[in-house]
Amino acid sequence: YITESQIQGFAAAFAAIAVMMCLLFRSVKLGLLSMVPNLAPVFLTLGGMGWTGVPLDYVRLLIAPVAIGMAVDYTIHHVTRFRHEFARCGSYEEALRDSFTDVGRSLIITSVVLVAGFSVFTFSVMDSMVAFGLLLSTTILMALVADFLLMPVLLLVFAPFGPERPR
């Protein structure tokens with residue numbers, strides 16, 4: 001029952017976040033593209049848990065909502081800055097480079113702090129809390145990697161801000 005309700009809640013949250021992203025970015029295309037790196041860390045973590053036989057319990061079920069919250073935050077910062085830089089320069093590659101220079105450091109620092117904070121759980125005497133700390137730390141790092149590797153590829157391939165301007 002808990003797993004089923006978590007899946008239903010996750011699906012509802014995904015739909016609500018997708019709508020919000022479309023509204024925030026004022027583009028269905030960009031809103032839906034931005035959901036790909038937000039889902040990747042959650043699916044990789046939960047898939048890895050299933051593949052390695054790690055059972056879901058009431059503590060580990062909290063990984064998905066926390067992870068998608070972090071991933072959405074990373075994506076909003078990154079895409080918003082990318083859009084700003086593209087509007088300024090008109091080049092996807094230059095906008096990518098400039099947005100990473102500006103937002104990249106902040107995302108890395110945030111991730112390091114969160115991973116360090118959640119890694120404290122690894123000193124717990126409760127096995128479920130140890131697993132929670134490890135899994136959530138890993139998921140946060142995967143969210144960072146998805147926003148640093150997957151989101152730029154999606155932005156460069158699908159060009160959601162329109163054609164580049166001549167220099």
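Guide: Let's start with two helices: the axes of α1 (residues 2-25) and α3 (residues 63-89) come within 12 Å and cross at roughly 10°. This is a predicted model, in which local features need pLDDT of at least 70 and side-chain atom pairs pLDDT 80 or more, while totals for chains, interfaces and linings use all residues. Residues are numbered from 1 along each chain, and side-chain values use heavy atoms, without hydrogens or water.

Visitor: Why are α1 and α3 called roughly parallel?

Guide: Angles between N-to-C directions run from 0 to 180 degrees, and those under 35 degrees count as roughly parallel. The axes of α1 and α3 cross at roughly 10°, so these helices are roughly parallel to each other.

Visitor: Which residues of α1 and α3 meet?

Guide: Contact means heavy atoms within 4.5 Å. Among them, F10, I17 and M21 in α1 meet residues of α3 that include I68, V72 and V79. By class, this contact has eleven nonpolar, three polar and one charged residues.

Visitor: What makes E85 buried?

Guide: Buried means under 20% relative accessible area, exposed over 50%, and partly exposed in between. E85, found in helix α3, has 5% relative accessibility, so E85 counts as buried. Leaving aside neighbours within four places in sequence, E85 is in contact with G90, A95, D98 and S99.

Visitor: And how do you know that L141 is partly exposed?

Guide: L141 sits in helix α5, and its relative accessible area is 42%, so the label partly exposed fits. The C-alpha atoms of L141 and L114 are separated by 9.4 Å, although these residues are 27 apart along the chain.

Visitor: Why is the aromatic pair of Y92 and F161 called stacked?

Guide: Rings of Phe, Tyr and Trp (its six-membered ring) pair if their centres lie within 6.5 Å; planes under 30 degrees apart count as stacked, over 60 as edge-to-face and the rest as tilted. By this rule there are ten aromatic pairs. For Y92 and F161, the centres are 6.3 Å apart and the planes are at 15°, which fits stacked. The pair links distant parts of the chain, with Y92 in helix α4 (residues 92-119) and F161 in the segment after α5 (127-158), 69 residues apart. Both Y92 and F161 are buried.

Visitor: What makes the pair of F118 and F121 stacked?

Guide: Their ring centres are 6.1 Å apart and their planes are at 25°, so this pair is stacked. F121 is partly exposed, at 27% relative accessible area.

Visitor: Which residues form one aromatic cluster with Y92?

Guide: F82, F86 and F161 form that cluster with Y92.

Note on methods
Helix = DSSP H or I, 4+ residues; strand = E, 2+ residues; numbered from the N terminus. Buried < 20%, exposed > 50% of the residue type's maximum accessible area, 1.4 Å probe, protein only. Parallel < 35°, antiparallel > 145°, perpendicular 65-115°, else oblique. Nonpolar A, V, L, I, M, F, W, Y, C, P; charged D, E, K, R; others polar.
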